[in-house]
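Got your viewer open? Let's take a walk through this model, one selection at a time.

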Amino acid sequence: MKLDAKDSAWTFWFTLPLYPYNKRRTLRTEVVKDTIWTFDQVQGILYTVVPIRMTVVKLAAGGLLVYAPVAPTRECIRLLNELVAVHGPVKHIILPTSSGLEHKIFVGPFARRFPQAQVWVAPNQWSFPLNLPLSWLGFPPKRTRVLPEYSILTPFADEFEYASLDIDLGRGTFAEVAMLHRRSRTLLVTDAVVSVPEEPPAIVQLDPYPLLFHARDSATEPIEDTETNRRKGWQRISLFAFYFRPSALEPVSLPRTLQGAFKAPDRSKKAYFGLYPFVWQPDWKQSFEALRGEGRLFVAPILQTLIFPQAPQQTLAWADRSLMRFGRK
């Protein structure tokens with residue numbers, strides 16, 4: 001289907017000005033036949049683009065549960081309404097985090113597109129720099145509720161169990177709600193564990209420019225769209241995204257950066273005027289392989305070093321509860 005530019009438009013991009021700003025493509029994938037679908041978009045900074053995902057689950061009694069909404073663009077809502085037409089209305093919308101602004105920012109606009117849905121949020125919601133009520137952040141006040149401590153107290157208890165982690169960070173909390181869909185034996189998490197594929201995800205390849213930008217070794221290299229460059233760019237972006245300043249990356253001095261910019265074949269705004277202020281070490285590929293670990297699940301470094309160590313016993317207990325529920329027959 002040919003898309004109109006308005007199909008991917010995200011009007012409220014300025015509330016969290018991340019790339020690709022006012023344009024957000026959506027890719028829907030069926031992961032469990034007639035039961036679970038993922039909706040992927042991308043976001044990032046300085047072309048360090050990574051997928052952000054919403055998961056939709058069909059309820060046995062009819063209708064849909066939405067976990068971690070993404071930007072409700074015209075394309076996203078059309079793809080979701082195609083499921084609604086077959087499986088019934090959106091009944092529940094889950095915000096499974098208290099600190100993830102990149103997830104929270106979409107819930108209010110998304111909920112307005114489905115006025116009959118109940119909105120459920122992780123405990124101890126907060127905002128920065130001012131701690132505002134959820135209604136001031138666009139959440140529908142009459143149909144927004146905090147997830148109870150025990151999943152049996154929710155209307156979807158027959159199909160889902162969940163375990164909540166809530167770590168006090170001082171100014172606010174880090175919260176994550178892991179949900180188990182019993183029938184498909186699928187565990188839904190938001191930030192706690194990730195896996196990095198060797199090849200760039202399909203959603204990132206809809207606009208490969210960020211991949212190609214980071215595939216270069218210097219500002220003087222032209223941007224060339226090849227399968228090898230897409231893979232190379234994705235793997236370097238992964239190091240950027242998880243480590244911010246990976247050890248395999250060396251910053252370049254300002255004079256050298258400007259010198260490279262003057263020689264760059266593309267000095268357009270899209271190419272950041274030819275600026276490319278870093279150089280990758282020869283062993284960057286080994287760094288990526290160490291991060292990826294052959295596709296294993298792992299905890300993102302920022303959570304390993306900054307968040308989870310603040311409450312290690314609480315985190316381990318939450319992981320145990322989640323795994324016990326996942327392993328239950």
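Which helix and which strand do the buried residues of H8 pack against? Before you click, two notes. This is a predicted model, where local features need pLDDT of at least 70 and side-chain atom pairs count only at pLDDT 80 or more, while totals for chains, interfaces and linings use all residues. Residues are numbered from 1 along each chain as its sequence is written, and side-chain values use heavy atoms, with hydrogens and water left out.

**Stop 1: helix H8**

Select residues 284-292, which make up H8. Helices (H or I, at least four residues) and strands (E, at least two) are DSSP runs, numbered from the N terminus. Now colour Trp284, Phe288, Leu291 and Arg292: these are the buried residues of H8. Buried means under 20% relative accessible area, exposed means over 50%, and partly exposed is in between (1.4 Å probe, protein chains only). Look down the axis of H8: the buried residues fall within an arc of 90 degrees, so they line one face of the helix. That arc is taken from the directions from the helix axis to the C-beta atoms. Over on the other side, Gln286 and Ala290 are exposed.

Back to the opening question: the buried residues of H8 pack against helix H6 (227-243) and strand E12 (278-280). Contact here means heavy atoms within 4.5 Å. Just after H8, click Gly293, whose phi is positive, near 55 degrees.

**Stop 2: strand E9**

Next, select residues 173-181, strand E9. Here 9 of the 9 residues are buried, so E9 is largely enclosed by the rest of the structure. Show Thr173, Ala175, Val177, Met179 and His181 on one side, then Phe174, Glu176, Ala178 and Leu180 on the other. In a regular strand, side chains alternate between the two faces of the sheet.

Add E8 (residues 160-168), which runs antiparallel to E9 and is joined to it by 9 bridges. Strands pair if DSSP finds at least two bridges between them. Find Asp166 opposite Ala175. In the hairpin of E8 and E9, with 4 residues between the strands, Gly170 has a positive phi near 100 degrees.

Then add E10 (residues 186-188), which pairs with E9 in the antiparallel sense over 3 bridges. His181 stands opposite Thr186.

**Stop 3: the open sheet**

Finally, show the open sheet of 7 strands, ordered E1-E2-E3-E4-E5-E6-E7 with mixed pairing. E1 (27-32) and E7 (144-146) stand at the edges, each with a single partner strand, so one side of each is left without a neighbour in the sheet.
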